[in-house]
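Hi,

Here is the structure I promised to pass on. Have a look at it first, and then read on for my notes.

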Amino acid sequence: MLTIYALTWIGVLAAQISPGPNLAAVASVGLAQGRSPALFVVAGIASGMLVWSAATALGLGALIEAVPLSLLILKIAGGSYLLYLGIKAARATLRGSSPTTITPNAQPLDRQSAWRRGLLVVLTNPKAALMWAAVASFLFGQGLSALHVLAFGPLGALSGLVIYGTYALLFSTGVAMRGYARFSASVEGVFAAAFSAMGASLLWSGLRETQK
């Protein structure tokens, strides 16, 4: 079982290290607001991983295969949320003031809001759902029980804490934040483009599926 876990963990690590909505969420908050809010975003991401792992262990992977509409709904929800973050970043860039990581009342994200942002980014990410569904399918295919699959969740969440926590520390260093303060409009423009592109891609994928 340990060998199977190790092979699965390598795949999860590769998915977590690669750029995506999780990394963008951590980087945007770390650059604009510093270490503490970024780490709470990371905590939210790890919490979301536990939710996905539990859901797939209890049959979400089978549900996605049996009911394709569930994945379509997730793509639309995830695309809409990422597009919302992109629009906020674009508006901030045009104003040349408040960054996307600042709430409408111009106050920094508190701990709960930062945690919730990380959680929502993961829970509305269909790639995360598919990754955990693939993890569950592989583990079940190796003859492991639902309890074994459920037990793998904390391992994936722990690696998420380490990987995204490292990103949070890197993006919240003094050098990174000073660079952000100097080029905030340009950086926010990059985040606006990144979030919007990811959101639009998910929405477009969902719309194409409705036409099949």
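Read from one end of the sequence to the other, the protein chain follows the pattern α-α-α-α-α-α-α-α-α-α. That comes to 10 helices and 0 strands; helices (H or I, at least four residues) and strands (E, at least two) are DSSP runs, numbered from the N terminus.

Some ground rules before the details. This is a predicted model, in which local features need pLDDT of at least 70 and side-chain atom pairs count only at pLDDT 80 or more, while totals for chains, interfaces and linings use all residues. Residues are numbered from 1 along each chain as its sequence is written, and side-chain values use heavy atoms, with hydrogens and water left out.

**The chain as a whole**

The protein chain has 212 residues, of which 43% count as buried. Buried means under 20% relative accessible area, exposed means over 50%, and partly exposed is in between (1.4 Å probe, protein chains only). About 10400 Å² of the protein chain is exposed, and carbon and sulfur atoms supply 70% of that area; accessible areas come from the Shrake-Rupley method with a 1.4 Å probe, and for residues only the protein chains shown count as cover. Among contacts (heavy atoms within 4.5 Å) with a separation of 6 or more, 84% join residues 24 or more positions apart.

**The core**

The largest nonpolar core has 34 residues, and those with the most contacts inside it are Val26, Val41, Ile45, Leu139, Phe152 and Tyr164. By nonpolar core I mean a set of buried Ala, Val, Leu, Ile, Met, Phe, Trp, Tyr and Cys residues joined through side-chain atoms within 4.5 Å. At least two residues of this core come from each of H1 (2-17), H2 (21-33), H3 (35-57), H6 (111-123), H7 (126-141) and H8 (146-171). H3 gives the most, with 8 residues. Ile45 is a good residue to click on: leaving aside neighbours within four places in sequence, Ile45 is in contact with Asn22, Val26, Gly118, Leu119, Val122 and Tyr164.

**Two helices, H3 and H8**

The expected span of a helix is 1.5 Å times one less than its number of residues. For H3, with 23 residues, that gives 33 Å, and its end C-alpha atoms are 33 Å apart, which agrees. Just after H3, Gly59 takes a positive phi of about 120 degrees. The 26 residues of H8 should span 38 Å, and the end C-alpha atoms of H8 are 37 Å apart, which again agrees.

The buried residues of H8 include Val149, Phe152, Gly153, Gly156, Ile163, Tyr164 and Tyr167. H1, H2, H3 and H7 are among the elements that cover the buried residues of H8.

**Aromatic rings**

There are 3 aromatic pairs. Rings of Phe, Tyr and Trp (its six-membered ring) pair if their centres lie within 6.5 Å; planes under 30 degrees apart count as stacked, over 60 as edge-to-face and the rest as tilted. The ring centres of Tyr164 and Tyr167 are 6.3 Å apart and their planes are at 45 degrees, so this pair is tilted. Tyr164 and Tyr167 are 3 residues apart in H8, so about one helical turn separates them. Tyr5, Trp132 and Phe152 form one aromatic cluster.

**Residues to look at in H1**

Tyr5 is in H1 and is buried, with a relative accessible area of 12%. Not counting residues up to four places away in sequence, Tyr5 touches Leu139, Leu144, His148, Ala151 and Phe152. Tyr5 and Val135 are 130 residues apart in sequence and 9.8 Å apart in space, C-alpha to C-alpha.

Thr8 is in H1 too, and at 6% relative accessibility it counts as buried. With neighbours within four places in sequence left aside, Thr8 is in contact with Val135, Phe138, Leu139 and Phe152.

**After H8**

Ser172 is in the loop between H8 and H9 (174-182), and is buried with a relative accessible area of 7%. Its side chain reaches the backbone oxygen of Ala168 at 2.7 Å and the backbone oxygen of Leu169 at 3.3 Å. Beyond four places in sequence, Ser172 is in contact with Gly30, Gly34, Arg35 and Met177.

Best wishes

Definitions and conventions: A polar contact is a pair of N or O atoms within 3.5 Å; within protein, one must be able to donate a hydrogen and the other to accept it, and residues adjacent in sequence count only if both atoms are side-chain atoms.
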